[in-house]
Amino acid sequence: MTEWFHNHRRLLICILLAITTFAIYFPVRNYEFLHYDDDIYVTDNTAVKSGLSWQGVEWAFTTGHGSNWHPLTWLSLMLDCQLFGVKSGPIHIVNVLFHIANTILLFLVLARMTNGVWQSAFIAALFALHPLHVESVAWVTERKDVLSTLFWLLTMLTYVRYAERPSAGRYIVVLVLFAMGLMAKPMLVTLPFVLLLLDYWPLQRMSIFDFRFSILNRQPAIGNRQSSTPDSKFSILNLAVEKIPLIFLSAVSSVVTFIVQQKGGAVVESNRLLLDERILNAVVSYLAYLGKMLWPANLAALYPHPVHAIPVSRAVISGVVLVLMTVFFIYHAKRYKYLLVGWLWYLGTLVPVIGIVQVGSQAMADRYTYVSLIGIFIIIAFGVTELLKEKPFRKIVLGVLAGVSLLACAVVTMQQMKFWKDSLSLFEHTLAVTENNYLMHNNYANVLSDLGRKEEAALHLVEAMRFLPNSPEIHNNYGNVLRETGKVDEAIEQYKIALKLNPDFTLARYQLGVGLAAKGDYEGAIQQYRLYAGTAADLASARQELATQLIKEGKVDDALN
């Protein structure tokens with residue numbers, strides 16, 4: 001029996017990981033689409049809701065919708081709608097299945113590279129159950145996260161096969177999978193750097209202290225079929241040259257992403273958030289992520305950027321701690337290589353989203369840890385095993401520590417998932433655990449307004465404007481609530497403020513036309529409708545409403561015109 005278990009333990013671990021993860025996340029089958037980007041990705045996205053078609057494929061590869069270029073993500077959501085219709089339950093379950101696949105792949109890749117089966121199982125279980133990863137799994141919009149990570153891990157797996165027996169064919173497979181990952185989410189731009197770390201440990205293809213670059217070195221040329229063993233190490237520069245095609249794809253993806261996000265208005269202008277403020281936030285965030293990993297409390301859908309409010313002293317302390325940790329890992333790297341690899345994995349994979357180039361209004365986001373924390377999990381799994389190597393009852397102690405930590409993760413994850421069941425729960429929780437969160441006040445107000453709770457909605461919009469007074473979107477939303485509660489004059493004033501802040505804000509122009517029509521200023525309403533550049537459906541609806549009002553007042557000729 002013991003021999004049978006030993007021979008089949010990897011299969012049994014995969015089954016256990018799959019069953020446990022599915023059981024923990026199964027409640028998402030009843031979760032709703034959120035009024036938080038799910039409209040952009042699915043519910044208000046005609047191309048996605050229409051399912052797979054040649055026209056949809058063309059749209060996926062040419063659009064910058066949502067301020068992103070990730071055609072494979074769009075195609076995966078189209079396929080969901082093709083198979084299940086526009087139903088939130090099945091689409092959530094597909095996210096869970098991707099997460100399970102990622103968990104199993106992570107275990108298999110690490111176990112193959114390190115031969116540390118139980119350490120790899122623990123790392124995969126942490127990845128599967130950690131509360132910081134709820135956002136990536138329970139939010140439909142983050143399909144791009146779980147899908148891109150699938151390609152990340154497939155790229156790693158094929159790279160391990162390439163490293164074991166290099167050939168041009170195997171390298172091409174690595175390149176193709178990497179390109180597909182970039183087309184699911186550009187977060188993969190740091191993967192060539194991670195592969196270089198894996199060359200150092202655990203693949204043992206190089207020594208980080210060997211900087212020689214010479215034709216006399218054994219170079220890992222593409223197509224070289226020589227097996228890569230601990231005795232056939234290459235210089236770091238040779239291995240970097242090997243990654244040039246991957247690095248080129250990363251560079252292209254980075255440029256495309258920056259252009260698309262800048263055109264979509266997602267990149268924050270430098271005059272709104274200065275470079276020193278972004279650097280301070282980045283330093284603080286690196287340590288904050290570690291804190292939330294160790295104590296995952298008060299997790300939120302959005303952590304607002306503390307513009308102009310980060311104490312320099314806090315950033316300095318965070319920076320000193322990070323430097324000391326880095327020095328510690330470098331000092332012990334020659335004996336315990338996994339320490340440096342895990343730490344640089346964590347630091348490096350967060351670079352695109354740490355906020356030096358600020359995209360969006362968040363200071364940090366739980367979803368950004370989905371891949372990054374694997375590095376820290378590696379340090380914990382192999383480090384604790386090393387610390388207890390000579391201790392009595394080692395296996396029992398390791399088993400108890402692993403069991404307690406994973407049980408705690410599972411309990412907190414199940415609690416955190418409940419906040420993602422619908423928009424109301426998510427926004428209420430986020431406002432309860434964050435401060436100065438104008439975006440969540442705005443989103444919460446929209447949900448309250450849809451539920452008919454107009455007065456409450458107005459209060460949250462006023463609060464949002466207190467934190468961000470120059471937002472045309474918030475002024476427009478406030479105008480809508482005022483108009484719907486009969487305060488038409490005040491609503492018109494809000495629409496005018498929104499248009500003053502952004503003269504190209506067509507939705508505010510449409511709403512202004514509606515407000516003017518409600519006041520009886522039909523000529524003013526018509527003028528606004530003529531300037532409106534929105535959808536034909538909106539314009540037709542507005543004209544129909546205006547004609548109806550004119551007919552009620554006996555102005556039939558005007559209505560016909």
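**Figure 1. The second largest pocket of the predicted model encloses about 1,200 Å³ of space.** The structure shown here and in the following views is a predicted model. The lining of the second largest pocket comprises 38 residues. Those that lie nearest the centre of this pocket are F122, L401, A402, S405 and L406.

**Figure 2. Helices that contribute to the lining of the second largest pocket.** At least two lining residues come from each of α1 (2-25), α7 (117-129), α14 (275-294), α17 (369-387) and α18 (394-418). The largest contribution is that of α18, which provides 11 residues. By class, the lining of the second largest pocket consists of 29 nonpolar, 7 polar and 2 charged residues.

**Figure 3. A nonpolar patch on the surface is formed by V255, F258, I259, L275, I279, I356 and V357.** Together, the residues of this patch have about 570 Å² of accessible area. Two or more of the patch residues are supplied by each of α13 (244-263) and α14. The greatest share of the nonpolar patch belongs to α13, with 3 residues. The helix α14 thus appears in two of these views: α14 supplies at least two residues to the lining of the second largest pocket, and α14 also gives two or more residues to the nonpolar patch.

**Figure 4. V357, a member of the nonpolar patch, in its loop.** The loop that holds V357 connects α16 (337-349) and β2 (362-364). The relative accessible area of V357 is 44%. V357 is therefore classed as partly exposed, because that class covers values between the limit for buried residues, under 20%, and the limit for exposed residues, over 50%.

**Figure 5. The largest cavity has a volume of about 30 Å³.** The structure contains 1 cavity of 30 Å³ or more. The residues that line the largest cavity are D145, S148, T149, M187, R367, Y370 and V371. Among the secondary-structure elements, α9 (143-164) and α17 each provide at least two of these lining residues. The largest contribution to the cavity lining is made by α9, with 3 residues. The lining of the largest cavity divides into 3 nonpolar, 2 polar and 2 charged residues.

**Figure 6. α17 at the second largest pocket and at the largest cavity.** At the second largest pocket, α17 supplies at least two lining residues, although α18 gives the most to that lining. At the largest cavity, α17 likewise supplies at least two lining residues, while α9 gives the most.

Technical notes: Residues numbered from 1 in each chain as written. Predicted model: local features only at pLDDT ≥ 70, side-chain atom pairs only at ≥ 80, totals over all residues. Heavy atoms only, no water. 1 Å grid on protein atoms, 1.4 Å probe; cavity = no way out; pocket = protein on both sides within 12 Å on 5 of 7 lines; lining within 4 Å. Points joined across faces, edges and corners; volume = space filled by probe spheres on them. Helix = DSSP H or I, 4+ residues; strand = E, 2+ residues; numbered from the N terminus. Nonpolar A, V, L, I, M, F, W, Y, C, P; charged D, E, K, R; others polar. Patch = residues over 30% accessible without salt bridge, like charges linked within 9 Å, V, L, I, M, F, W, Y side chains within 5 Å. Areas by Shrake-Rupley, 256 points an atom, 1.4 Å probe, with all protein chains shown as cover. Salt bridge = Lys/Arg side-chain N within 4 Å of Asp/Glu carboxyl O. Buried < 20%, exposed > 50% of the residue type's maximum accessible area, 1.4 Å probe, protein only.
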